[in-house]
Amino acid sequence: MRGELRRILLESLPAAAVQWGRRLTGIAALADGEHLVTFADGTQVTTRVLVGADGAWSKVRQLLTDVKPVYSGKTFVETFLFDSDTRYPESAQAVGGGSLFAMGEGQAIFAHREPNGVLHAYAAVNKPHGWAAGIDFSDRDRALACVAAEFDGWAPALTTLITASATDPVAREVMFMPGEHTWTRTPGVTLVGDAAHLMVPSGEGANLAMFDGAELARAIVAHPGDIEAALAAYEKELFPRSAVAAAEAVAGFDVCFGPDAPQSMVDAFAGATA
């Protein structure tokens with residue numbers, strides 16, 4: 001579980017290592033690779049090394065490039081069903097003990113089982129940018145009905161994954177950066193995770209972010225006293241690694257939403273098995 005992994009990592013750090021409630025509002029470049037970072041509470045710090053791990057809409061990325069995320073054409077609506085084996089046995093059986101992929105006509109319902117009978121689902125719809133803004137997601141029942149209407153005619157065991165959500169649905173527009181995206185070496189600053197290589201969903205985002213952090217640490221240790229050499233070595237490996245992962249993510253997205261889905265997914269699994 002992502003939350004458990006997060007807890008384990010946080011508990012491995014000294015108590016003061018993570019400072020909460022420090023929303024970044026501004027960054028100013030100083031001399032010799034230093035940056036003045038300003039937070040919403042008015043505090044400021046001067047950095048020798050600034051690592052942007054601030055996600056899809058990274059403010060740190062703006063120091064390196066003008067390239068911004070673009071919309072994939074897909075919006076995912078996230079839902080949760082609780083006590084599913086008792087309350088929604090048909091949906092629980094459809095998802096089984098692992099994951100469910102139900103695809104057709106450019107849209108899909110994805111779900112997986114979590115501990116204690118929780119079903120975690122995403123309804124993926126092919127909609128214009130801003131579609132979700134026209135739905136009042138604070139009105140749970142109406143919002144869920146609106147999303148479920150996009151899957152009219154689908155099996156009730158699948159649409160129940162939407163309509164029976166025990167939590168308010170959350171709409172997430174799927175954004176991504178160009179797969180070959182790079183930037184010019186900028187003294188004192190670099191990126192990790194989605195800030196560096198935002199991709200369409202592939203199951204590898206968190207893995208890559210943690211790997212980026214480990215590789216950055218390895219580079220810094222390998223170049224004691226020379227942070228620029230460390231950052232250059234890190235980015236030299238980061239860019240091709242990110243490009244390969246992004247291409248694989250796009251290929252997987254096409255398997256799920258391309259014109260041959262769901263047969264394309266069946267073929268992918270058959271090929272992997274062979």
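Let me open with a question: does E4 count as buried or partly exposed? E4 comes out at 41% relative accessibility, so it counts as partly exposed. I'll come back to E4 in a moment. Before that, a caveat: what you see above is a predicted model.

Okay, the overall picture. We have one chain of 274 residues, and 40% of them count as buried. The chain has 9 helices and 10 strands. Along the principal axes, the C-alpha atoms fill a box of roughly 60 × 45 × 35 Å. The accessible surface is about 14,900 Å², and carbon and sulfur atoms account for 56% of that. If you take the contacts between residues at least 6 apart in sequence, 65% of them join residues at least 24 apart.

Now, salt bridges. A search of the whole structure turns up 11 of them, and I'll walk through a few.

Back to E4. The side chain of E4 pairs with the side chain of R7 in a salt bridge, 2.9 Å from N to O. Both sit in helix α1, 3 residues apart, which is about one turn of the helix. R7 is partly exposed, at 35% relative accessible area. And there's a bit extra here: E4, R7 and E11 are linked in a network of salt bridges.

While we're on helix α1, which covers residues 2-11, have a look at L9, which sits in that helix. L9 has a relative accessible area of 41%, so we call it partly exposed. Together with L5 and M210, L9 makes a nonpolar surface patch of about 230 Å².

Next pair: R140 and D168, with their closest N and O atoms 2.9 Å apart. R140 is in helix α4 and D168 is in the loop between α5 and β9, so this salt bridge ties together parts that are 28 residues apart in sequence. Both ends are partly exposed, R140 at 29% and D168 at 40%.

Then there's R241 with D212, again a salt bridge with the closest N and O atoms 2.9 Å apart. This one links distant parts of the chain, with R241 in helix α8 and D212 in helix α7, 29 residues apart. What about burial? D212 is at 0% relative accessibility, so it counts as buried, and R241 counts as buried too, at 18%.

Let's move to Q107 and E150. Q107 is in strand β7, residues 107-114, and is buried at 10% relative accessibility. E150 is in the loop between α4 and α5, and is partly exposed at 25%. So what joins them? A polar atom of the Q107 side chain lies 2.7 Å from the backbone oxygen of E150. The E150 side chain, for its part, makes a polar contact with the side chain of K127 at 3.1 Å. Leaving out residues up to four places away in sequence, E150 touches Q107, V125, K127 and W131. With the same kind of neighbours set aside, the contacts of Q107 include A124, V125, F151, W154 and F257.

Last thing, cysteines. How many disulfides does a search of the whole structure find? The count is 0. As a reminder, a disulfide is a covalent bond between the sulfur atoms of two cysteines. For the record, C146 is partly exposed at 31% relative accessibility, while C256 is buried, at 11%.

That's my tour, thanks.

Notes. Residues numbered from 1 in each chain as written. Predicted model: local features only at pLDDT ≥ 70, side-chain atom pairs only at ≥ 80, totals over all residues. Heavy atoms only, no water. Patch = residues over 30% accessible without salt bridge, like charges linked within 9 Å, V, L, I, M, F, W, Y side chains within 5 Å. Areas by Shrake-Rupley, 256 points an atom, 1.4 Å probe, with all protein chains shown as cover. Salt bridge = Lys/Arg side-chain N within 4 Å of Asp/Glu carboxyl O. Helix = DSSP H or I, 4+ residues; strand = E, 2+ residues; numbered from the N terminus. Buried < 20%, exposed > 50% of the residue type's maximum accessible area, 1.4 Å probe, protein only. Polar contact = N/O pair within 3.5 Å; in protein donor to acceptor, adjacent residues only side chain to side chain. Contact = heavy atoms within 4.5 Å. Disulfide = S-S within 2.5 Å.
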